[in-house]
Amino acid sequence: MKIAFLTLEDPKNILAWSGIPFFLSQALIRRGHDLIFLGPLQKKYNLFTGLKSVIYKYLLGKKYLRDRDVLQINSYSQQIRKKLKDIDCDLILSTSTLPVSNLNALDQPIVTWCDATFYGVQQYYPEFTNLCSETRNSGNKLESSALENVSLAIFSSAWAAQSALDGYGTQSNKVKVIQFGANINQNRDIELIKDNIFNKRKGVCKLLFIGVDWIRKGGDLALKIADNLNRMGLVTELHIVGCTPLIDHNPSFLIKHGFLNKNIQQDNQILDELFLCSHFLLVPSMAECYGLVFAEASSWGLPSITRLSGGIASVVKSGVNGYAFDPSASIDDYCQYIFDKFSNSPEYEALSLSTLNHYEDVLNWDVAIKKFEYLTNEILKK
């Protein structure tokens, strides 16, 4: 299939949007598809939208999102239409709805593959709270228009897919769910990982927290869980990657690794070692559109402990590759689960193997692309 791959970010940058455009494009190429890259697109912010942003922020106390302004969307459309004139493709695949909001009357079908809708993230993600009415109205109108223009709207979670149905009345037959795969090196030795599950040292319970946003990712709760486990008599370490904890003390069980850059081989090696030697990934996020880190942990056979929110239920299946606790769960609930699993080697090993199997069956890009191919082939037949 000849695919025009449309991204706002640079699809060759492994750090752009958590690496999704990069790993998605590489998976498509591995499957033999011919990709024509239409991104990154240029942002055409101007003085007018900049001035409005300042007025809303400092005079009205509201957030104005410049990327939801019709001037920016028109710029995207012009860039895309110009690029499409010189290419021949079977379909357009976009990792965002924004650039296709004003794209209609095209010869090629449009497919989007996203983790959320504008309706879904309003009042949910911190950056989408306290929005001005202009941004809310424009954002919803653009999202609705994009979902009208596409032949297929793929989402990484059932939560995001439902928001398209509830928020915009999108035709249910064009809304589908395909989980994102783990953004990892494909040359993974599965047998080595299985051996590691059975040979992992159990003297100290090692919890791994990964996230650049300490608050949204539930860092405070993770810290309390680790502290409580130590008080219960289970020697526990909490390893922090990606951010600096917002705390006024530094307990001895807290180990900081800072931000690890996947573009740097040494950082990648450190991260791989942390996935291998840890016993649980502990990221009890308060808000999460998907949670790629849970898929990545699964690729190492590392069970995830998290909180049910947003799209998490589509990547962490309780009892399969970890446990997603109800938001009302107490610290004791988390601790008892971790304590019981860690203390029972056969149960822990079974959960870890189930976690690895879930990665192989669901949470990898090759499986995702096969599902994508099936859906898009149906479109192209019409």
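**Exercise 1. A serine in a helix**

Establish whether Ser298 is buried or exposed, and state which residues Ser298 touches.

*Solution.* Step 1: Ser298 has a relative accessible area of 0% and is therefore buried (buried means under 20% relative accessible area, exposed over 50%, and partly exposed in between, with a 1.4 Å probe and protein chains only). The model is a predicted one, in which local features need pLDDT of at least 70 and side-chain atom pairs count only at pLDDT 80 or more, whereas totals for chains, interfaces and linings use all residues. Residues are numbered from 1 along each chain as its sequence is written, and side-chain values use heavy atoms, with hydrogens and water left out.

Step 2: The residue belongs to helix α10, residues 292-299 (helices are DSSP runs of H or I with at least four residues, strands are runs of E with at least two, and both are numbered from the N terminus).

Step 3: Leaving aside residues up to four places away in sequence, the contacts of Ser298 are Asn321, Thr355, Leu356, Tyr359 and Leu363 (contact means heavy atoms within 4.5 Å).

Step 4: The burial extends to the helix as a whole: 8 of the 8 residues of α10 are buried, so α10 is largely enclosed by the rest of the structure. Among them are Leu292, Phe294 and Glu296. After α10 comes Gly301, with a positive phi near 70 degrees.

**Exercise 2. The six-stranded sheet**

Give the strand order of the open sheet of 6 strands, and explain why one side of β9 and of β12 is left without a neighbour.

*Solution.* Step 1: The order is β9-β8-β7-β10-β11-β12, and the pairing is parallel (two strands pair if DSSP finds at least two bridges between them).

Step 2: β9 (254-258) and β12 (322-325) are the edge strands; each has a single partner strand, so one side of each lacks a neighbour in the sheet. On average, and with direction ignored, neighbouring strands are turned by 25 degrees against each other (axes are lines fitted to C-alpha atoms, for helices over the stretch in contact, and angles run from 0 to 180 degrees between N-to-C directions).

Step 3: Within this sheet, β7 (residues 205-210) and β8 (residues 236-241) are joined in parallel over 6 bridges. Leu208 has His239 of β8 as its bridge partner, and Phe209 stands opposite Ile240 in β8.

Step 4: β8 is largely enclosed by the rest of the structure, because 5 of its 6 residues are buried. Helix α9 lies across β7, β8 and β9, and runs at about 135 degrees to β7.

**Exercise 3. A pocket and a cavity**

Describe the second largest pocket and the largest cavity by volume and by lining.

*Solution.* Step 1: Fix the terms. On a 1 Å grid over the protein atoms alone, a cavity is a set of points where a 1.4 Å probe fits but cannot get out, and a pocket is an open set with protein on both sides within 12 Å along at least five of seven lines; lining residues have an atom within 4 Å of a point. Grid points are joined across faces, edges and corners, and a volume is the space filled by probe spheres set on the points.

Step 2: The second largest pocket holds about 250 Å³. Its lining has 14 residues, and Ile184, Asn185, Arg188, Asn268 and Asp272 lie nearest its centre. Helix α9 (residues 265-277) contributes the most, with 4 residues. The lining comprises 5 nonpolar, 5 polar and 4 charged residues (Ala, Val, Leu, Ile, Met, Phe, Trp, Tyr, Cys and Pro count as nonpolar, Asp, Glu, Lys and Arg as charged, and the others, Gly among them, as polar).

Step 3: The whole structure contains 1 cavity of 30 Å³ or more. The largest cavity has about 60 Å³ of space, and Ser144, Leu147, Glu148, Tyr168, Gly169, Thr170, Gln171 and Lys174 line it. Helix α5 (residues 133-149) supplies the largest share of this lining, 3 residues.

**Exercise 4. Backbone in the loops**

Locate Pro40, Trp17 and Asn130, and state the backbone feature of each.

*Solution.* Step 1: Pro40 lies in the loop between β2 (34-37) and α2 (47-58). The peptide bond from Gly39 to Pro40 is cis, with omega near 5 degrees.

Step 2: Trp17 is in the loop between β1 (2-6) and α1 (20-30), and has a positive phi near 45 degrees, although not a glycine. Its relative accessibility of 24% makes Trp17 partly exposed.

Step 3: Asn130, in the loop between α4 (118-121) and α5, has a positive phi of about 55 degrees and is not a glycine. Asn130 is partly exposed, at 34% relative accessible area.
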